[in-house]
Amino acid sequence: MGREPAGPDGGTISFHEEVGGHETFVRLVDAFYDGVAADEVLRPMYPEADLGPAKERLRMFLEQYWGGPTTYSEQRGHPRLRMRHASFKVNPDARDRWLAHMRVAVDSLGLPPAQHGLLWDYLERAAHSLLNTFED
């Protein structure tokens, strides 16, 4: 990412702060789950009738990953993404649908190109890493 931007005290600021903090991640996750809610393949992967808990978990995870509060680890322990997703059939179709909804969500933020690219690169790599089957 190069040189980190300076915060008000002259120290560096996190990516979390740089992109607008908590509210930006709320907007990202809300936009993402708007797509998931209507997706016939992804929606059944969320057993809860209300997507609110899933939204909260994803938001907390992303905020922590990008230098925000450590609430995710405090409440849920180590992320262990592959383990947490192992019970779901994450095939190329599911991955691609996830990425399509996330692309809409990331694009909706209107981030500057450098931040947009950094965020998208991470999300794309994460989605590919969770692929666990090639079966339909």
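Contacts, core and salt bridges in a predicted model

In this predicted model, residues 24 or more positions apart account for 62% of the protein chain's contacts with a separation of 6 or more.

Me: How many helices and how many strands are in the protein chain?
Reply: Along the sequence, the pattern reads α-α-α-α-α-α-α. The count is seven helices and zero strands.

Me: Which helices each supply at least two residues of the largest nonpolar core?
Reply: This core has 33 residues, of which L28, F32, Y33, L62, M102 and L119 touch the most other members. The helices that each supply at least two of its residues are helix 2 (22-37), helix 3 (52-65), helix 6 (92-108) and helix 7 (113-129).

Me: With which residues is L119 in contact, leaving aside neighbours within four places in sequence?
Reply: L119 is among the core residues that touch the most other members. Its contacts beyond those neighbours are F15, L28, W66, V106, L109 and L111.

Me: Is D39, which forms a salt bridge with R97, buried or exposed?
Reply: The closest N and O atoms of D39 and R97 are 3.1 Å apart. The pair links the loop between helix 2 and helix 3, where D39 sits, to helix 6, which holds R97, 58 residues apart. Buried means under 20% relative accessible area. D39 has 7%, so D39 is buried.

Me: Which residues are linked with R97 in a network of salt bridges?
Reply: R97 also meets E40 in a salt bridge, at 3.8 Å from N to O. E40 lies in the loop between helix 2 and helix 3, 57 residues from R97. The network links R97 with D39, E40 and D93.

Note on methods
Residues numbered from 1 in each chain as written. Predicted model: local features only at pLDDT ≥ 70, side-chain atom pairs only at ≥ 80, totals over all residues. Heavy atoms only, no water. Core = buried A, V, L, I, M, F, W, Y, C linked by side-chain atoms within 4.5 Å. Buried < 20%, exposed > 50% of the residue type's maximum accessible area, 1.4 Å probe, protein only. Helix = DSSP H or I, 4+ residues; strand = E, 2+ residues; numbered from the N terminus. Contact = heavy atoms within 4.5 Å. Salt bridge = Lys/Arg side-chain N within 4 Å of Asp/Glu carboxyl O.
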